[in-house]
Amino acid sequence: MDSIDRKILQALQQDASIQVSDLAAEVGLSTTPCWRRVQRLKEAGVITRNVMLVDPRKVNVGVTVFVSVRTSMHSQGWFEQFRAAVEAIPEVVEFYRMSGDVDYLLRVVVPDIAAYDQVYKRLIAGTQLSDVSSSFAMEELKFTTALPLSYID
């Protein structure tokens, strides 16, 4: 991956809907070679998908809740059941297995505390958890989906 690929990735992370001709001009290529590079990045799995970002407040899910989960269960069967339960909750937009004191971390988006309570009840139903701790984000200070590209070999 060279500096032009990095420029392409940086531009696409800012606006995936950019026309190939505009992208090519931005990175200093003609249209066809630029299009080929984008296709190569997709085929290599560097670009995994194209999405549009939606303003959470405009779709009434402006409250972000970070949910820390601890469990004493660590079997594969338990994990598969828990994972299926979490994946079935559309308000959970991120789900991580963690190191340290917390076993799992979830990011949940909802309109209000009452809606989160319903998510919480679905999360704990039928799943053995030791502790569920919720923290409500008071203010979003930084949010980006763009990854840093300075670490590319």
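**Salt bridges, rings and loops**

Biologist: Is D131 buried, partly exposed or exposed?
Modeller: The relative accessible area of D131 is 31%. Buried means under 20%, exposed over 50%, and partly exposed in between, with a 1.4 Å probe and protein chains only. D131 is therefore partly exposed.

Biologist: What kind of model is this?
Modeller: Local features need pLDDT of at least 70, side-chain atom pairs count only at pLDDT 80 or more, totals for chains, interfaces and linings use all residues, and the model is predicted. Residues are numbered from 1 along each chain as its sequence is written, side-chain values use heavy atoms, and hydrogens and water are left out. In short, the model is predicted.

Biologist: Which residue does D131 meet in a salt bridge?
Modeller: A salt bridge puts a side-chain nitrogen of Lys or Arg within 4 Å of a carboxyl oxygen of Asp or Glu. Here the N to O distance is 3.1 Å, between D131 and R70. D131 sits in strand β4 (residues 131-136) and R70 in strand β1, 61 residues apart. The partner, partly exposed at 33% relative accessible area, is R70.

Biologist: How many salt bridges are there?
Modeller: The D131 and R70 pair is one of them. Another joins D2 and R37. The count is nine.

Biologist: How far apart in sequence are the parts that D2 and R37 tie together?
Modeller: Their side chains meet at 2.8 Å, N to O. D2 lies in the segment before α1 and R37 in helix α3, so the pair ties together parts separated by 35 residues. Helices (H or I, at least four residues) and strands (E, at least two) are DSSP runs, numbered from the N terminus. The separation of D2 and R37 is 35 residues.

Biologist: D2 or R37: which is buried?
Modeller: D2 has a relative accessible area of 31%, so D2 is partly exposed. The other partner has 17%. The buried one is R37.

Biologist: Which helix holds D5, the partner of R40?
Modeller: D5 and R40 meet in a salt bridge of 3.3 Å, N to O. The pair links distant parts of the chain, with R40 in helix α3, 35 residues from D5. At 2% relative accessible area D5 is buried, whereas R40 is partly exposed at 41%. D5 lies in helix α1.

Biologist: Which residues share a salt-bridge network?
Modeller: D2 pairs with R37. R40 pairs with D5. The network links D2, D5, R37 and R40.

Biologist: Are the rings of Y116 and Y120 stacked, edge-to-face or tilted?
Modeller: Rings of Phe, Tyr and Trp (its six-membered ring) pair if their centres lie within 6.5 Å; planes under 30 degrees apart are stacked, over 60 edge-to-face, the rest tilted. The whole structure has eight such pairs. Y116 and Y120 have centres 6.4 Å apart and planes at 45°, so the pair is tilted.

Biologist: Where do these two tyrosines, Y116 and Y120, lie?
Modeller: Y116 is buried at 6% relative accessibility. Y120 is partly exposed at 28%. They are four residues apart, about one turn, in helix α5 (residues 113-124).

Biologist: What separates the C-alpha atoms of F95 and L105?
Modeller: F95 is in strand β2 and is partly exposed, at 25% relative accessible area. F95 also joins W78, F79, F82 and Y104 in one aromatic cluster. L105 is ten residues away along the chain, yet the C-alpha separation is 5.9 Å.

Biologist: What is the phi of N60?
Modeller: N60 lies in the loop between α3 and β1. It is exposed, at 52% relative accessibility. N60 is not a glycine, but its phi is positive, about 60°.
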